[in-house]
Amino acid sequence: MAVRHNTTADLVEIRRVPGTPRSWDLRPLYEPAIFAVVVSAVFFASPPNMQYVLSIGVIYALLATSLGVLFGWSGIYSFGHAAFFGMGAYTTALLREQEWDALVFLVVSGVVAAVAAVLIGVIGLRLGKVEFAMLTMIVGQICYLLTFRVPGLEGDNGIYGVPRGTLLGIDVTGSTTFWIYSVVVVSMVLGVLRRIHLSAFGESLNAVRDDPVKAAAIGLPVRQLRIAAFTLAGGIAGLAGGLFAQQGGIVTPTSLSFTFSGIIIIMSLLGGMARFWGPAIGAIVFQLINALVFANASHANLYLGLILLAVVLVFPSGLLGVLARLLDRYRERRVR
Amino acid sequence: MADVLSTIISGIAFGVPLFLVASGLTLIYGVIGVLNFAHGSMFVVGALIASNVIGPAAPSLLVYVAAVIAGALVVGVLGVVLERTVVRRLYRGDHITMLLATFALMLAIEGGAEMIWGNSPRSTAAPAELGGSISLLGATISVYDLMLVVVGAIIAAGLFLLISKSRFGRAVRAVAQDPTMGEAIGINTRQVMLLVFGLGSALAGLAGAMIAPNVSVSPSLGHAFILQSFAIVIIGGLGSITGSLVAAMLVGIAEAAVVTYFPALTGFTFYILVAVILLVRPRGLLGSARLGRA
């Protein structure tokens with residue numbers, strides 16, 4: 001098979017002429033609803049061990065989408081995204097003594113990660129793309145090392161006993177109630193992200209991704225847009241991290257590690273970075289494959305690497321890209 | 001005074017393997033335009049091979065030299081194979097494809113190394129001739145460190161001569177500047193790129209093999225090391241060998257000084273230096289010096 005290089009032309013897909021009216025666009029409402037209904041249907045039809053896998057999967061769906069904001073929307077390459085997820089998770093874990101509403105933890109986690117992202121973005125986004133990718137990797141590693149150095153973060157033991165708590169007075173500790181809580185939160189945040197994706201701001205990010213020089217020439221504040229995108233992605237990742245801490249009740253350095261940053265990339269790429277729903281779908285599919293195929297396999301890194309290599313070299317547009325190509329072919333045949 | 005001298009020597013010795021890894025990384029980036037995330041894994045493979053050849057007992061000097069050469073050669077060959085099978089497909093792709101593909105290679109090589117050598121860390125002894133320490137101007141200096149400094153100096157000099165004086169070096173610089181033009185005047189661009197990738201990988205393998213007696217070697221050793229060499233490359237400027245030499249020495253000495261005077265900061269020197277350099281000079285210490293101009 002001929003190798004397809006995902007140049008900009010491959011990634012971009014023009015759906016709508018920018019500037020056309022979009023007040024009637026209901027996609028931010030019905031798409032997340034469909035997502036929630038479909039994954040919930042799978043959830044309730046699954047045995048308990050798969051339910052557990054899926055309840056992590058929806059959180060990863062949000063996390064992967066936040067990486068899509070960087071790679072897919074704005075052409076910023078981050079290889080240390082786990083750092084923000086971990087920051088969120090540790091924030092919720094450290095505040096476990098507080099008697100707050102479950103949602104408040106998530107908001108605080110998101111804000112903490114977003115603040116860290118602003119700082120890194122302001123310093124780092126002056127660099128070239130490749131140098132910035134290296135910097136994100138370094139930042140990720142610093143955060144990972146800090147969990148071993150800072151007293152109170154407990155190193156490899158992690159922090160346990162993070163409560164799921166209550167939401168507006170309703171107890172969400174049970175596995176079904178927690179599922180409903182997390183799927184609703186994830187879908188709503190995904191809806192907000194979808195709205196941002198379709199907005200003029202999202203459109204400007206795409207312009208910056210496709211050609212920063214032209215974007216600057218038509219008056220877009222390129223640097224500020226990149227910083228904003230990095231902050232948004234960091235904040236959402238932090239929120240997902242908070243949810244992850246509540247889900248598992250325990251936070252360990254694994255969620256900040258180098259390998260986990262790679263796994264987030266693999267999940268997003270598997271679904272396809274060029275489309276909004278690619279990373280989310282990729283995350284769910286990856287979680288299921290991972291549980292069914294690799295649960296007992298040793299040498300996980302070897303397989304992860306080979307999968308990623310295959311995806312990058314053979315179908316860089318991911319599952320959704322392959323699906324779109326198959327649909328195109330089917331339609332062509334029907335026209336004939 | 002004695003304190004300062006031993007700090008400087010051990011700092012430079014610490015910087016030499018970093019320089020070898022970072023110069024390979026920056027050479028490959030400068031000529032081919034591929035940032036090789038898998039470079040740290042190459043380094044680990046070199047270390048694992050050397051410790052395999054040496055075995056658990058203290059080796060004779062001859063076995064040690066053979067182990068180091070074996071590490072460099074095998075990793076160089078691995079680099080050539082990877083170039084022909086995977087990396088070559090990336091030349092016409094964009095940054096993201098390259099980063100992701102070499103990231104995948106990194107995971108795969110690390111996983112492969114785990115499969116072959118297992119996960120447990122192994123320690124390797126230095127040959128008796130290179131053990132112990134000598135006294136120099138009142139300072140105690142480990143012989144192994146001194147050997148690293150000497151070997152590092154020889155390789156740095158050799159690399160500069162190779163790039164700036166030899167026929168091959170001229171071809172390398174030409175390809176770094178403009179591959180299409182190089183092709184047009186009759187340079188075999190593909191061959192140059194293949195050899196550069198092999199050479200860069202061999203440098204990483206050499207570094208790994210030489211550091212084996214100093215650290216406990218395990219497949220995950222590469223993580224820490226690749227990030228440190230990324231730090232070196234960012235500080236020195238991507239694509240500049242001189243930059244990575246200066247940065248490696250600077251970071252090595254800073255780390256050694258921190259170990260002596262502020263032990264609490266051990267392991268963070270790289271990151272602090274990177275942050276400072278980025279704030280002051282976002283394009284690296286030596287500006288955006290590229291190989292073509294080096």
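Start with the hairpin in chain B of this predicted model: strand β1 (residues 133-136) and strand β2 (residues 139-142) of chain B run antiparallel and are joined by four bridges. Within that ladder, B:Ile134 has B:Ile141 as its bridge partner in β2(B). Two residues sit between the strands, and B:Leu137 in the turn takes a positive phi of about 50 degrees.

Now over to the aromatics. Across all chains, the structure holds 22 aromatic pairs. Take A:Phe79 and B:Phe103, whose ring centres are 5.4 Å apart, with 55 degrees between the planes, so the pair counts as tilted, the class between 30 and 60 degrees. What makes this pair join two chains? A:Phe79 lies in the loop between α3 (48-74) and α4 (82-94) of chain A, while B:Phe103 belongs to helix α4 (residues 95-117) of chain B, so the pair links one chain to the other. Both A:Phe79 and B:Phe103 are buried.

The two rings have company, too. They belong to one aromatic cluster together with A:Phe71, A:Tyr77, B:Phe37 and B:Phe230. Looking at the contacts of A:Phe79 beyond four places in sequence, you'll find residues of chain A, including A:Phe71, A:Ala133, A:Met137 and A:Ile265, and residues of chain B, among them B:Phe37, B:Leu99, B:Leu100 and B:Phe103. A:Phe79 also turns up in the largest nonpolar core, which has 198 residues: A:Phe71, A:Phe79 and B:Phe230 are the ones that touch the most other members. The largest share of this core, 14 residues, is supplied by α3(A).

Next, have a look at two helices, beginning with α10 (residues 241-261) of chain B. Its 21 residues should span 30 Å at 1.5 Å a residue, and the end C-alpha atoms are indeed 30 Å apart, so the two values agree. At the start of α10(B), a side-chain oxygen of B:Ser240 comes to within 2.8 Å of the backbone nitrogen of B:Gly243. Further along, the buried residues of this helix include B:Ala247, B:Ala248, B:Val251, B:Glu255 and B:Val258. Among the elements covering the buried residues of α10(B) are α1 (2-32), α5 (143-165), α9 (221-236) and α11 (269-280) of chain B.

Over in chain A, helix α2 (residues 27-44) has 18 residues and reaches 25 Å from its first C-alpha to its last, close to the expected 26 Å. Its buried residues include A:Pro28, A:Glu31, A:Pro32, A:Phe35, A:Val39 and A:Phe43. An α-helix has 3.6 residues a turn, so residues three or four places apart point the same way.

How values were computed
Residues are numbered from 1 along each chain as its sequence is written. Chains are lettered from A and ligands numbered from 1 in the order in which they are written. This is a predicted model: local features need pLDDT of at least 70, side-chain atom pairs count only at pLDDT 80 or more; totals for chains, interfaces and linings use all residues. Side-chain values use heavy atoms; hydrogens and water are left out. Two strands pair if DSSP finds at least two bridges between them. Rings of Phe, Tyr and Trp (its six-membered ring) pair if their centres lie within 6.5 Å; planes under 30 degrees apart count as stacked, over 60 as edge-to-face and the rest as tilted. Buried means under 20% relative accessible area, exposed over 50%, partly exposed in between (1.4 Å probe, protein chains only). The expected span of a helix is 1.5 Å times one less than its number of residues. Contact means heavy atoms within 4.5 Å. A polar contact is a pair of N or O atoms within 3.5 Å; within protein, one must be able to donate a hydrogen and the other to accept it, and residues adjacent in sequence count only if both atoms are side-chain atoms. A nonpolar core is a set of buried Ala, Val, Leu, Ile, Met, Phe, Trp, Tyr and Cys residues joined through side-chain atoms within 4.5 Å.
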